[in-house]
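Got your viewer open and a selection box ready? Let's walk through this one stop at a time, picking residues as we go.

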Amino acid sequence: MTITAVVFDVGECLVDETREYGTWADWLNVPRHTFVSAFGATIAQGEDYRQTFQIFRPGFDLYEEREKRAAAGLPETFGEEDLYPDVRPALAQLRADGLWLAIAGNQTVRAGGILRELFTADVDLIGTSDDWGASKPDPEFFRRVAEVVPAEPAEILYVGDRLDNDVLPARAAGMQTALIRRGPWGWIQQHDLAAEQATFRIDSLAELPELIAKANAAAS
């Protein structure tokens, strides 16, 4: 089927999270390169990334620490300067090509507010796990995506950097997928055999307009 809608993950798809990893290292009073090394090792071992925090502070509660950071005037945040440089041009081209666009990822209410400030004029819908009460890779998250997107699941292309959270559950929900190779997961998971299940494998969002156009021409 042709692709009529594109839905984007947030972290390491639209937003470069390098600065945020650094601020967590600072909050834990851990050298930044040490924190990032442990983060990568945790992912490579197939563990939940939140286990990284336990290495440095056993019993660490991410939700509580987010609240403490906010109370201290150091909340998790991102802005225009953290967007990958291909984001704005790709969104503009995809919209010009007539595609329906959305952003949907595992994000807090605060992050959802920032996303709306940055992208309301560029996409048709923004949804987060906190909005929907379901987090990836829970199938319920992708059911919610399918409910809000005005297209059949097979006409939706979900774009993300992770196999476990993005490509595989979106594919199980009947969607087409694009796996982008950037960020910790994108690089560490690139040689996993499951990556072959992605409809497209890309290094930049700039590749999407041409890939979608060619796929749609072939499908029609």
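A salt bridge here is a side-chain nitrogen of Lys or Arg within 4 Å of a carboxyl oxygen of Asp or Glu. One thing to keep in mind while you click around: this is a predicted model.

**Stop one: Asp 9 and Lys 136**

Select Asp 9 and Lys 136 and show their side chains. They form a salt bridge, with 2.7 Å between the closest N and O atoms. Where does each partner sit? Asp 9 is in the loop between strand E1 (5-8) and helix H1 (18-28), while Lys 136 is in the loop between helix H7 (129-132) and helix H8 (139-148), so the bridge ties together parts that are 127 residues apart in sequence. Now switch on a surface: is Asp 9 buried or exposed? Asp 9 is buried, because its relative accessible area is 6%, under the 20% cut-off. Lys 136 also counts as buried, at 6% relative accessibility.

How many salt bridges does the model hold by this rule? The count comes to 21.

**Stop two: Glu 20 and Arg 69**

Next, pick Glu 20 and Arg 69. This salt bridge has its closest N and O atoms 3.1 Å apart. Glu 20 belongs to helix H1 and Arg 69 to helix H4 (residues 62-71), so the pair links parts 49 residues apart in sequence. Glu 20 is buried, with a relative accessible area of 14%, and Arg 69 is buried at 3%.

Stay on Arg 69 and expand the selection to its surroundings. Leaving aside neighbours within four places in sequence, Arg 69 is in contact with Glu 20, Thr 23, Trp 24, Trp 27, Leu 74, Pro 75 and Glu 76. With Thr 23 there is also a side-chain to side-chain polar contact of 3.1 Å.

**Stop three: Lys 214 and Glu 210**

Go to helix H11 (residues 208-219), where you'll find both Lys 214 and Glu 210, four residues apart, or about one turn of the helix. They form a salt bridge too, with the closest N and O atoms at 3.0 Å. Lys 214 is exposed, with a relative accessible area of 54%.

Before moving on, add Asp 166 to your first pair: salt bridges that share partners join Asp 9, Lys 136 and Asp 166 into one network.

**Stop four: Leu 118**

Select Leu 118, found in helix H6 (residues 109-119). Leu 118 counts as buried, at 16% relative accessibility. Which residues does Leu 118 contact, leaving aside its neighbours within four places in sequence? Look for Phe 78, Gly 79, Glu 80, Leu 83 and Arg 88. For a sense of scale, draw a C-alpha to C-alpha distance from Leu 118 to Ile 202: the two are 24 Å apart in space and 84 residues apart in sequence.

**Last stop: the largest pocket**

Finally, bring up the largest pocket, with a volume of about 1,200 Å³. It is lined by 44 residues, and to centre your view you can select Tyr 49, Arg 66, Glu 76, Asn 106 and Gln 107, the closest of them to the pocket's centre. Colour by element next: H1, helix H2 (32-44), H4, H6, H7 and helix H9 (163-172) are the ones giving two or more residues to the lining. H4 supplies the largest share, five residues. Then recolour by class, and the lining splits into 17 nonpolar, eight polar and 19 charged residues.

Terms used:
Residues are numbered from 1 along each chain as its sequence is written. This is a predicted model: local features need pLDDT of at least 70, side-chain atom pairs count only at pLDDT 80 or more; totals for chains, interfaces and linings use all residues. Side-chain values use heavy atoms; hydrogens and water are left out. Buried means under 20% relative accessible area, exposed over 50%, partly exposed in between (1.4 Å probe, protein chains only). Contact means heavy atoms within 4.5 Å. A polar contact is a pair of N or O atoms within 3.5 Å; within protein, one must be able to donate a hydrogen and the other to accept it, and residues adjacent in sequence count only if both atoms are side-chain atoms. On a 1 Å grid over the protein atoms alone, a cavity is a set of points where a 1.4 Å probe fits but cannot get out, and a pocket is an open set with protein on both sides within 12 Å along at least five of seven lines; lining residues have an atom within 4 Å of a point. Grid points are joined across faces, edges and corners, and a volume is the space filled by probe spheres set on the points. Ala, Val, Leu, Ile, Met, Phe, Trp, Tyr, Cys and Pro count as nonpolar, Asp, Glu, Lys and Arg as charged, and the others, Gly among them, as polar.
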